[in-house]
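Below are some notes for a colleague on the model shown here. They are numbered so that each can be taken up separately.

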Amino acid sequence: MSEWAEVAKRDEIAPGQAKAVTIDDLMIAVVNLDGEFFAVDNICTHAFAVLTEGPFTDGQLQCPLHGARFDVRTGAVTAPPAWEPLRTYEVRIDGDAVLVKI
Ligand code: FES
């Protein structure tokens, strides 16, 4: 069963920034891309690295370990060595709250 979880206040994540959140055993990156919010798994699919510890540029999170890149809109890999996409999560805004469907 899925549910909506509040992960941040809208003004807490400025455009171009990413926030790491943990809900139960899920590690999720919530990002603000030009005012639109997206959420993806925060663990690289190549090995174990936390994506929000790397740069977030051009709508992509870059893994700090070996440099794989992921499109935050789709979870797709945009640069190797990872090949599996990230899981994505639905996001909605409720007033000033950012919610993620988990
Ligand atoms: S762990 Fe992310 S690219 Fe290797």
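1. Salt bridges, total. The model is predicted, and five salt bridges are found in it. Side chains of opposite charge can pair when their charged atoms come close. The pairs E6–K9, E12–K19 and E90–K101 are taken up in turn below, with the network around E6.

2. E6 and K9. A salt bridge joins the side chains of E6 and K9, with an N to O distance of 2.9 Å. Neither residue is buried: E6 is partly exposed at 45% relative accessibility, and K9 is partly exposed at 33%. The pair belongs to a network of salt bridges that links E6, K9 and D96. E6 also has a place in the strand pairing described under point 5, where L99 of β11 is its bridge partner.

3. E12 and K19. The side chains of E12 and K19 form a salt bridge at 2.5 Å, N to O. E12 has a relative accessible area of 40% and is partly exposed. K19 is partly exposed as well, with a relative accessible area of 24%; the cut-off for buried is under 20%.

4. E90 and K101. In the salt bridge between E90 and K101, the closest N and O atoms are 3.7 Å apart. E90 is in the loop between β9 (88-89) and β10, while K101 is in strand β11, so this pair ties together parts that are 11 residues apart in sequence. What is the exposure of the two partners, E90 and K101? E90 is partly exposed at 49% relative accessibility, and K101 is partly exposed at 28%.

5. The three-stranded sheet. Strands of a sheet pair through backbone hydrogen bonds, either parallel or antiparallel. One open sheet here has three strands in the order β1-β11-β10, and its pairing is antiparallel. Its edge strands are β1 (4-9) and β10 (91-94), each of which pairs on one side only. On average, neighbouring strands of this sheet are turned by 35° against each other, direction ignored. β1 and β11 (residues 97-101) run antiparallel and are joined by five bridges. Within that pairing, E6 has L99 as its bridge partner in β11.

6. Aromatic rings and W4. How many aromatic pairs does the structure hold? The count is zero. W4 nevertheless has a charge over its ring: the charged end of R92 sits there, 4.7 Å from the ring centre. In terms of residue ranges, W4 falls in the edge strand β1 (4-9) and R92 in the edge strand β10 (91-94).

7. The four-stranded sheet. A further open sheet has four strands in the order β2-β3-β4-β9, again with antiparallel pairing. The edges are held by β2 and β9; each has a single partner strand, so one side of each is left without a neighbour in the sheet. β4 (residues 36-41) pairs with β9 in the antiparallel sense over two bridges. In that pairing, V40 stands opposite T88 of β9.

8. The β2–β3 hairpin. β2 (residues 18-23) and β3 (residues 26-33) are antiparallel and pair over six bridges. The bridge partner of I23 in β3 is L26. Two residues lie between the strands of this hairpin, and D24 takes a positive phi near 55°. A check of the backbone at D24 could start from that phi value.

9. The loop between β3 and β4. D34 lies in this loop. Is D34 buried or exposed? At 73% relative accessibility, D34 counts as exposed. Its C-alpha is 9.5 Å from the C-alpha of Q17, a residue 17 positions away in sequence.

10. Cysteines. How many disulfides are there? The count is zero, taking a disulfide as a pair of cysteine sulfur atoms within 2.5 Å. As for accessibility, C44 is buried at 6% relative accessibility, and C63 is buried with a relative accessible area of 5%. Both values fall under the 20% cut-off for buried.

Notes. Residues are numbered from 1 along each chain as its sequence is written. This is a predicted model: local features need pLDDT of at least 70, side-chain atom pairs count only at pLDDT 80 or more; totals for chains, interfaces and linings use all residues. Side-chain values use heavy atoms; hydrogens and water are left out. Rings of Phe, Tyr and Trp (its six-membered ring) pair if their centres lie within 6.5 Å; planes under 30 degrees apart count as stacked, over 60 as edge-to-face and the rest as tilted. A charge sits over a ring if NZ of Lys or CZ of Arg is within 6 Å of the ring centre and within 35 degrees of the ring normal. Two strands pair if DSSP finds at least two bridges between them. Axes are lines fitted to C-alpha atoms, for helices over the stretch in contact, and angles run from 0 to 180 degrees between N-to-C directions. Buried means under 20% relative accessible area, exposed over 50%, partly exposed in between (1.4 Å probe, protein chains only). A salt bridge is a side-chain nitrogen of Lys or Arg within 4 Å of a carboxyl oxygen of Asp or Glu.
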